[in-house]
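Look over the sequence and the model below before reading on. The text then goes from the overall dimensions to single residues.

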Amino acid sequence: AFDADGNPTKAAQGFARGKGIDVSALRVEEIDGGEYVTAEVFEEGRQAIEVLAEALPELVAGIKFGKNMRWNSTGVGFSRPIRWFLALHGDRVIPFSYAGVASDDETLGIRPYGSPSHNVRSVEEYTKVLNNQGVILDRDERRAAIWEQVQDLAKSVNGTVLADDDLLDEVTNLVEAPTALMGTFSEESLKLPREVLITVMRDKQRYFAVADANDKLLPYFITVRNGDGEHLDKVQHGNEHVLRARFADARFFYDEDIRTKLEDQLPRLGTLAFHEKVGSMLEKNERVAQLAEPLGDLLGYNATTVGIASQAGHIAKADLATQMVVEMTSLQGTMGREYALLEGYPADVATAIYEHWLPRSADGDLPQTKPGILLALADRLDTLVGLFGAGLAPKGSADPFGLRRAALGIVQIVTHHNIDVDLNEALRITAEHQPHDVTEDDRAAVMDFIKGRLEVWLLDGEAAHDVVQAVLAEQYANPTRLVKGIAELSDWVSRDTWETTLDNFARCIRITRDQETLYSVDDSLLQEAAEKELYTAYQAAVAKLDDSSNVDAFLSAFEPMVPAVAKFFDDVLVNAEEEAVRHNRLGLLQHIGGMAHGRADLSRLSGF
């Protein structure tokens, strides 16, 4: 801000000008240990209504929708035409306009009652007006009311509602004055696969399915009407009519699909592009099948498991070409399983086809069988390696190919099933099966991407952030081993002796961290009793460790060394004048620090 002579620089002048004060009014203050130039600016307060009148139009304009309507001469786009603004601060109207509509103290009731006008003077009065028309303003209260009504209707036919939180949330947001009603459909429709019926009701109509005590679907559905109970019979009739048509369509698709074997659907996959740089869905399907054997070997799966996975992998994505899945994409995998069973494939093969799509979401079900696990991992690894190798890594928040979901899926699968696998090796194997060259840099980018998803997932857990970072730094390529290491380090950090243990290990690291050379240790150069004692303790400790040793094994081996470490630093001059002796002592400390390599970077812990 000031030059050597104390005169304000252009930076200081611009800063002062931007704050509307003279440069002479700038003050130097010490902040967080450094000197900064500051400006003191006084801004006169304004009435809340005045501020809100400016802010509320911006608030409304900031609400974005995938599709907008334009309905008047202002040309403003919104999801639906804006009819009125009720805007109050206390009992005073906040004056503003947007899209040609001016704010007022008026609200309109629901359309079944003729949208009656009501003047409102307070929040309490607003809630009362809405309640009188059956509108439940509070979302949580509305959700609970809907669920209670739905459950009561199901009980009336000795059934239960199939739990579906996503559907319940959607319905809650679609209605304001909820009234649940029940409809029926033909028992003939129950011959369709269960998931088809549920999907049609849920995805196409927002209906809740009903099942009996044995979880068998009943010929009933429950929907929620926006309004009161008047003319419910007509509403019921209309919904039943629509559902009959939906089920008829589903029956047609199903009958057409089962005329063709899944294997015969594969040529159609050749017309479905996965991406022009990595080939069609047929080529991807073949790569996943080919990966079953090498990845199965890496995971230690037996020949039977690999054989099932290979057989399932050959037709894993065939149902993408079926009419049922084209119409309802959420049934991918589900129809593959159903059609495979109809064709006489073993149940293990059909299950693997279904499970290779899992998990479908961040909190979705995971594959449970080994063939399903193998194919699910192969599919996601192929997607990540193929697209990264083609230069299609996600940029910013955009992720059109769901690569973040794929990476998280890998993490969830291997950790849930305690699969001890080096993902770097899995990526190398996958890269060999790609239709284009995948460089080491590409594989490193994929590994770093998975590490990022893994970090976010771990930091959402209960472990302390510094503990997560310490183990993540050394073990990110093996998520299962990493999770175990975090649990083990968390246990050590909670112990009364931890501060002493960490401090003595840290002393070995701090004095050697700037050394660019890793020195060897020659026991003939050990001179002092304390360094000989430490060397003996080190040899005893490393003898207890092997490649499978995790954090607990490392710290359990190091802890008995603590007295020897403390004595060493008390009695021995590390930076001895004689170079060979100095390097030997540094080398001993480097080797002690190296005990943590591949296990945890303790320097990332608070208190290090």
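The paragraphs below describe a predicted model, beginning with the chain as a whole.

The protein contains 24 helices and 15 strands. Along the principal axes, its C-alpha atoms fill a box of roughly 100 × 85 × 50 Å. The radius of gyration is 34 Å, whereas a compact globule of 608 residues would have a value near 25 Å. Of the 608 residues, 43% are buried. Among contacts with a separation of 6 or more, 65% are between residues 24 or more positions apart.

Two groups of strands come next. Strands of a sheet pair through backbone hydrogen bonds, in either a parallel or an antiparallel way. One open sheet has three strands in the order β3-β7-β6, and its pairing is mixed. Strands β3 (85-86) and β6 (97-98) stand at the edges; each has a single partner strand, so one side of each is left without a neighbour in the sheet. Between β6 and β7 (residues 101-104) the pairing is antiparallel and rests on two bridges. Tyr98 has Val101 of β7 as its bridge partner.

Another pair is formed by β11 (residues 178-184) and β13 (residues 217-226), which run antiparallel and are joined by seven bridges. Leu181 is bridged to Thr223 in β13. Strand β11 is mostly covered, with six of its seven residues buried.

The next topic is open space in the model. The largest pocket has a volume of about 1500 Å³. Its lining consists of 32 residues, and those nearest the centre of the pocket are Arg80, Pro81, Arg83, Trp84 and Glu176. At least two lining residues come from each of β3, β8 (106-108), α3 (123-132) and α5 (165-174). Strand β3 thus appears both at an edge of the three-stranded sheet and in the lining of the largest pocket. The biggest contribution is that of α5, which supplies three residues. By residue class, the lining of the largest pocket has 19 nonpolar, eight polar and five charged members.

The second largest pocket holds about 840 Å³ of space. It is lined by 25 residues, and Asp164, Asp166, Arg202, Arg360 and Asp365 are the closest to its centre. Two or more lining residues come from each of α5, α6 (194-205) and β12 (208-211). Helix α5 therefore contributes to the second largest pocket as well as to the largest pocket. In the second largest pocket, however, α6 gives the most, with five residues. What is the make-up of the lining of the second largest pocket by nonpolar, polar and charged residues? The lining divides into 10 nonpolar, five polar and 10 charged residues.

Enclosed space is a separate matter. The structure holds one cavity of 30 Å³ or more. The volume of the largest cavity is about 70 Å³. Its lining is made up of Leu295, Leu298, Leu299, Leu374, Leu377, Leu381, Ile410, Val414, Val421, Leu423 and Ala426. Helices α9 (281-299), α14 (370-389), α15 (403-416) and α16 (423-431) are the elements that give two or more residues to this lining. The lining of the largest cavity has 11 nonpolar residues, no polar and no charged ones.

The last topic is backbone geometry. Most residues other than glycine have a negative phi, and most peptide bonds are trans. Where does the model have a cis peptide bond? The bond from Leu358 to Pro359 is cis, with omega near -5°. Pro359 sits in the loop between α13 (347-355) and α14, and α14 is also one of the elements lining the largest cavity.

Positive phi values occur at Ser115 and Asp215, neither of them a glycine. Ser115 has phi near 50° and is placed in the loop between β8 and β9 (117-119). Is Ser115 buried, partly exposed or exposed? Its relative accessibility is 26%, so Ser115 counts as partly exposed. For Asp215, phi is near 65°. This residue lies in the loop between β12 and β13; β12 is also among the elements that line the second largest pocket, and β13 is the strand bridged to β11. Asp215 has a relative accessibility of 42% and therefore counts as partly exposed.

Note on methods. Residues are numbered from 1 along each chain as its sequence is written. This is a predicted model: local features need pLDDT of at least 70, side-chain atom pairs count only at pLDDT 80 or more; totals for chains, interfaces and linings use all residues. Side-chain values use heavy atoms; hydrogens and water are left out. On a 1 Å grid over the protein atoms alone, a cavity is a set of points where a 1.4 Å probe fits but cannot get out, and a pocket is an open set with protein on both sides within 12 Å along at least five of seven lines; lining residues have an atom within 4 Å of a point. Grid points are joined across faces, edges and corners, and a volume is the space filled by probe spheres set on the points. Helices (H or I, at least four residues) and strands (E, at least two) are DSSP runs, numbered from the N terminus. Ala, Val, Leu, Ile, Met, Phe, Trp, Tyr, Cys and Pro count as nonpolar, Asp, Glu, Lys and Arg as charged, and the others, Gly among them, as polar. Buried means under 20% relative accessible area, exposed over 50%, partly exposed in between (1.4 Å probe, protein chains only). Two strands pair if DSSP finds at least two bridges between them. The radius of gyration is taken over C-alpha atoms; the globule rule is 2.2 Å times the number of residues to the power 0.38. Contact means heavy atoms within 4.5 Å.
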